[in-house]
Amino acid sequence: MADTGSAPEYKKYQTYALNIDPDQDDKATEIKLCNFSRPHMRAFHCSWWCFFIAFFIWFSITPLLSEIAITLDLDKQQIWTSSITGVAGTIFMRFLLGPQCDKYGARVLFTIVLCVASIPTACTGLIQNSAGLAVLRLFIGIAGGSFVMCQYWSSRMFTKEVVGTANALVGGWGNLGGGVTQIVMGTLLFPLFKTGMSAERAWRTVCIVPAVVAFFTGVAVQFISDDSPKGNYKDLKKHGNMPEVSAAASFRSGAFNFNTWILFMQYACSFGVELTMNNAAALYFRQEFNQTTESAAAIASIFGWMNLFARGIGGYSSDKMNAKMGMRGRIIVQTVLLSCEGAMVLIFANTSNLAGAIVVMIVFSIFVQAAEGSTYGIVPYVNPSCTGSIAGIVGAGGNAGAVGFGLAFRQLESYKAAFIVMGVVILISAFLSLLIRIKGHASLLCGSDDPNIGKSTLAVPEPEGEDDDDA
């Protein structure tokens, strides 16, 4: 056990199972994946599991869309309209939840989001037309806002030396829900339900299962985890160890930082691509390669399964390059991954046989998710006092990208044309790394890191009057 010694301020735990850095608010300096102890690793595992469940219910309907289209007589544009609304609503949620994380912490917000989003998920069987499908997916999209809590929570628990890896692992394992839902809903539960009822009755009832799981996950996390290494925000404020934080001031500081919007656009070209593929992959393989609903869902799930390790690779590479080259190393990793991602999308667009398309999709997916991990290796450095707001804004970029790419898939005549547009936009986003200028850190081409600000990363949120100079 790593002993922190005596401390004058309130702390829920006097000893920790992980080594910690007292100068970084008792954040852990290591990650032990097989450890579930409170507060650090319990928060780590709760973070990725809650986001996994949120992602699962967010896209639980996608492998069923071909069946829903048959029942409701929907065309391609109506299906894509529902997919766009499913990710568009999350943009607002991520903007909203970021500042609230700085104020209330991630744990309480996870409970609220999961419990609320489980309600429209359970109501999937009630839709009768395209408008109903679009509205339903808009409200289910509330679950997608949970990514902000996922990243914020791990940023509150781990030091700057390992935060890139921690953020990447919890984000990646959470995103894995997008692949698992393709398998579980499209290949396992839907055929199982269909054995005892019609196909229509099956898709109308099967979404009740993930809705129930999401609701009880939201309730459980409230009681088994902590907001920060030293305890819950409510208790820290009660004992005078944490100031009251203005959500509006936090959002303003994050939004007025130019680097936030560069990362917003780059995340649109990584996570936005993943969201688009979650909506498009099963439909693409069914229509372009004449696969059944079940086999198309199984193939589409491969994209999401790469989250098991790929996002972690991006975060780990970012941390390692940071150790060697400082912030310049993190930006180099970001640029290389986005460039490779864009190139692989263009290759995928021009692959005409099934086996080749699957292989290229796997490589393409690895670069997509690694770029997501490298992005959130940079986010905690932009302005430490409003990390939640910045995480929310950048996360919203992913959904904004999904809306933009979704419109391309909706409006363009062929999937190939849409994928070419996607690839070109991603390549352009890679060059935006030249514009990243974080105060006290090296840029891609010039400057150097200031060693005196190293310990300030991921500080406890400050009240409104103390963070105005850091915008």
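The protein contains 20 helices and four strands, and the model described here is a predicted one. Its C-alpha atoms occupy a box of roughly 65 × 45 × 40 Å along the principal axes. The radius of gyration is 22 Å, which agrees with the value near 23 Å that a compact globule of 471 residues would have. Of the 471 residues, 61% are buried. Contacts also link distant parts of the sequence: among those between residues at least 6 apart, 80% join residues at least 24 apart.

## Backbone geometry

Most residues other than glycine have a negative phi, and most peptide bonds are trans. Several places in this model depart from that pattern.

A cis peptide bond, with omega about 0 degrees, joins Arg 38 and Pro 39. Pro 39 belongs to the loop between strand E4 (27-28) and helix H1 (40-58).

Asp 25 is not a glycine, yet its phi is positive, near 60 degrees. This residue sits in the loop between strand E3 (20-21) and E4. Asn 290 likewise has a positive phi, about 55 degrees, without being a glycine. Its position is in the loop between H14 and H15.

Are these two loop residues buried or exposed? Asp 25 has a relative accessible area of 14%, and because the limit for a buried residue is under 20%, Asp 25 counts as buried. Asn 290, with a relative accessible area of 69%, is exposed, because this value is over 50%.

## Selected residues and their surroundings

The table lists the location and accessibility of four further residues.

| Residue | Location | Relative accessible area | Class |
|---|---|---|---|
| Ser 82 | helix H3 (residues 76-104) | 0% | buried |
| Thr 111 | helix H4 (residues 106-122) | 14% | buried |
| Asp 319 | helix H16 (residues 310-325) | 7% | buried |
| Ser 448 | segment after helix H20 (415-431) | 56% | exposed |

Ser 82 is a buried residue of helix H3. Its side chain reaches the backbone oxygen of Ile 79 at 2.7 Å. Leaving aside residues up to four places away in sequence, Ser 82 touches Leu 133, Ala 134 and Arg 137.

Thr 111, in helix H4, makes a polar contact through its side chain. Which side chain is the partner of Thr 111 in this polar contact? The partner is the side chain of Gln 222, at 3.2 Å. Gln 222 also appears among the residues that Thr 111 touches, together with Gly 218 and Val 221, when residues up to four places away in sequence are not counted.

Asp 319 lies in helix H16 and is buried at 7% relative accessibility. Apart from residues up to four places away in sequence, Asp 319 touches Lys 160, Glu 161, Val 162, Val 163, Gly 164, Thr 165 and Arg 330. Phe 92 is 227 residues away from Asp 319 in sequence, and their C-alpha atoms are 30 Å apart in space.

Ser 448 follows helix H20 and is exposed at 56% relative accessibility. Its C-alpha atom is separated by 8.4 Å from that of Met 327, although the two residues are 121 positions apart along the chain. With residues up to four places away in sequence left out, the residues that Ser 448 touches are Gly 440, His 441 and Ala 442.

## Internal cavities

Rolling a probe the size of a water molecule over the atoms shows where empty space is left. How many cavities of 30 Å³ or more are counted in this model? There are two.

The second largest cavity has a volume of about 50 Å³. Its lining consists of Thr 62, Pro 63, Leu 65, Ser 66, Ala 282, Leu 283, Arg 286, Thr 293 and Ala 296. By class, these comprise five nonpolar, three polar and one charged residues. Helices H2 (65-72), H14 (271-289) and H15 (293-305) each supply at least two residues of this lining. Which helix provides the largest share of the lining? That helix is H14, with three residues. The loop between H14 and H15 is also the place of Asn 290, the exposed residue described above.

Technical notes: Residues numbered from 1 in each chain as written. Predicted model: local features only at pLDDT ≥ 70, side-chain atom pairs only at ≥ 80, totals over all residues. Heavy atoms only, no water. Buried < 20%, exposed > 50% of the residue type's maximum accessible area, 1.4 Å probe, protein only. Polar contact = N/O pair within 3.5 Å; in protein donor to acceptor, adjacent residues only side chain to side chain. Contact = heavy atoms within 4.5 Å. 1 Å grid on protein atoms, 1.4 Å probe; cavity = no way out; pocket = protein on both sides within 12 Å on 5 of 7 lines; lining within 4 Å. Points joined across faces, edges and corners; volume = space filled by probe spheres on them. Nonpolar A, V, L, I, M, F, W, Y, C, P; charged D, E, K, R; others polar. Rg over C-alpha atoms; globule rule 2.2 N^0.38 Å.
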